[in-house]
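User: I'm new to this one. Can you walk me through it?

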Amino acid sequence: MRITDIKEARVSIASDIANAYISFAKMDVSILAIYTDAKVDGRQVVGYGFNSNGRYAQSGLLRERFLPRLEEADPASLLDDSGRNLDPFKVWATVMANEKPGGHGERSVAVGIIDMAIWDIVAKVENKPLAQLLAERFGDGEVDRRVSVYAAGGYYHPGKEIQGLQEEMRDYLEMGYVAIKMKIGGVPLEEDLPRVEAALEVVGEASRLAVDANGRFGLQDTLAFADGLAPFGVRWYEEAGDPLDYALQRQLCEHYAGPTATGENLFSHQDVRNLLRHGGMRPDRDILQMDPVLSYGLVEYLRMLDELRIRGWSPRQCIPHGGHQFALNIAAGLKLGGNESYPRVFAPFGGFADSTPVENGYVAIPTMPGIGFEDKAELMKVFHAHL
């Protein structure tokens, strides 16, 4: 078995929405297809990858640094012991060859895109859904047949008043979601709290509404918003401050009794280790949101889970950022606590398979081999149009 071709393209997901920190007016993603000479049921095995939203396309890093290493490698050096399939860990080591430790910035996203496509290939060659493959290799052999998912939305939008926010919340409930996340921090506290109250009027129980500040606050605002949110008892208070400000996170956990969430902008197991050492995170309530694509892929995410286990954390406290089927398969196969979803934004990369609608806050895992992108028609149209 060998890789025969690799194609990469940049695709716009621009929109006029914004969170507390950035606008998505010029946001794009990289998409990737890795072609092989393997065939299953008469069809060529192709692995597909893309990066999660919030980080821009990685075309330069992919084309100039990481993909050439993969293309120049001895094909045999990328195979598992059977010689009939790729070994994701060997591929990872190949693309990360000659990289210095530390500095886990944009390169982690580029590697994660490649990693996604490789795992898609590996599961297809084994003729199994990725979730099942992961359960057999790294779990107890059994997958979670349904995964709890929440709708991520509530972005700031020009002209979007409280009524528009409430209409958005109703839309998610009608789609089958039970839990919803909204943005905060883009306006002062006295303007944001009425938005939270308005969303709660629609969602109902406060445990069904999470809020996300996208790292906007310093310590003073972090604690002020914590005090403002405390009477509501929301599902969690997400990424109040800079993701690497572990002291701020620790002070928040000491001050605020409710659940907090962070981790989507930590890109290595070393960063996760430092969060658990110094961030005051509480394994009985807090949520870890590391994104398997943005953080060097599943190979590195497995190392993150090892760091959690060493410190007494359950994988059920992990609810990955990303809102796509790769993270969904990982959540099901490794028995995490759930998965994010983007049902109305970042299309067609957000959301799940066409055959698996959200029902009462849960989504089933596609039964087709691989990640299951082929069961998402609009996404496949993008791959076919650009690659």
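Analyst: We can start with the overall fold and then look at rings, a helix and a few single residues. Keep in mind that this is a predicted model.

User: What does the secondary structure of the protein chain come to?

Analyst: The chain has 12 helices and 11 strands.

User: What radius of gyration does the protein chain have, and what would a compact globule have?

Analyst: The chain has 20 Å. A compact globule of 387 residues would have a radius of gyration near 21 Å, so the value agrees with that. The C-alpha atoms fill a box of roughly 60 × 40 × 40 Å along the principal axes.

User: How many of the residues are buried, as a percentage?

Analyst: Buried residues make up 60% of the 387. The accessible surface comes to about 15,000 Å². Carbon and sulfur atoms own 47% of that surface.

User: And what share of the contacts is between residues 24 or more positions apart?

Analyst: That share is 72%, counted among contacts with a separation of 6 or more.

User: Switching to rings. How many aromatic pairs are there?

Analyst: The structure holds 15 aromatic pairs. One of them joins F50 and F373. This pair is tilted, with 5.5 Å centre to centre and 45° between the planes.

User: Why does the F50 and F373 pair tie together parts that are far along the sequence?

Analyst: F50 lies in strand β3, while F373 lies in the loop between β11 and α12, so the pair ties together parts 323 residues apart in sequence.

User: Are F50 and F373 buried or exposed?

Analyst: F50 is buried, at 0% relative accessible area. F373 is buried too, at 1%.

User: Got another pair?

Analyst: Y155 and F346 form an edge-to-face pair. Their centres are 6.0 Å apart, and the planes make an angle of 85°. Y155 comes from the loop between β4 and α5, and F346 from the loop between β10 and β11, so this pair ties together parts 191 residues apart in sequence. Y155 is buried at 4% relative accessibility. F346 is buried at 7%.

User: Which residues do ring pairs link into a cluster?

Analyst: The cluster is made of Y48, F50, F349, F373 and F383. F50 and F373, the tilted pair, are among them.

User: Where does the charged end of R146 sit?

Analyst: It sits over the ring of Y362, 4.2 Å from the ring centre. In another case, R216 lies over the face of Y21, 5.6 Å from the ring centre.

User: Now a helix. How many residues does α10 have, and how far does it reach?

Analyst: Helix α10 covers residues 298–310, which is 13 residues. From first C-alpha to last, α10 reaches 18 Å, close to the 18 Å expected at 1.5 Å a residue.

User: Which residues in α10 are buried?

Analyst: L298, V299, E300, Y301, L302, M304, L305, E307 and L308 are.

User: What do the buried residues of α10 pack against?

Analyst: They pack against helices α2, α3, α4, α9 and α11, and against strand β9.

User: What is α10 followed by?

Analyst: G312 follows α10, and its phi is positive, near 80°.

User: Different topic: N53. Where does it lie?

Analyst: N53 lies in the loop between β3 and α1. N53 is buried, with a relative accessible area of 8%. Beyond residues up to four places away in sequence, N53 touches I13, F24, L294, H321, G322, Y342 and F346. That F346 is also the ring paired with Y155.

User: And T222?

Analyst: T222 is in helix α7. At 0% relative accessibility, T222 counts as buried. Its contacts, leaving aside neighbours within four places, are F217, Y237, A240, G241, L248 and L252.

User: How far is T222 from K376?

Analyst: The two are 39 Å apart in space, C-alpha to C-alpha, and 154 residues apart in sequence.

User: Last one. What is P343 in contact with?

Analyst: With neighbours within four places left aside, P343 is in contact with A151, A152, Y172, M175 and Y177. P343 lies in the loop between β10 and β11. F346 lies in that loop as well. The C-alpha atoms of P343 and G215 are separated by 23 Å, and the two residues are 128 apart along the chain.

Methods
Residues are numbered from 1 along each chain as its sequence is written. This is a predicted model: local features need pLDDT of at least 70, side-chain atom pairs count only at pLDDT 80 or more; totals for chains, interfaces and linings use all residues. Side-chain values use heavy atoms; hydrogens and water are left out. Rings of Phe, Tyr and Trp (its six-membered ring) pair if their centres lie within 6.5 Å; planes under 30 degrees apart count as stacked, over 60 as edge-to-face and the rest as tilted. Helices (H or I, at least four residues) and strands (E, at least two) are DSSP runs, numbered from the N terminus. Buried means under 20% relative accessible area, exposed over 50%, partly exposed in between (1.4 Å probe, protein chains only). A charge sits over a ring if NZ of Lys or CZ of Arg is within 6 Å of the ring centre and within 35 degrees of the ring normal. The radius of gyration is taken over C-alpha atoms; the globule rule is 2.2 Å times the number of residues to the power 0.38. Contact means heavy atoms within 4.5 Å. Accessible areas come from the Shrake-Rupley method with a 1.4 Å probe; for residues, only the protein chains shown count as cover. The expected span of a helix is 1.5 Å times one less than its number of residues.
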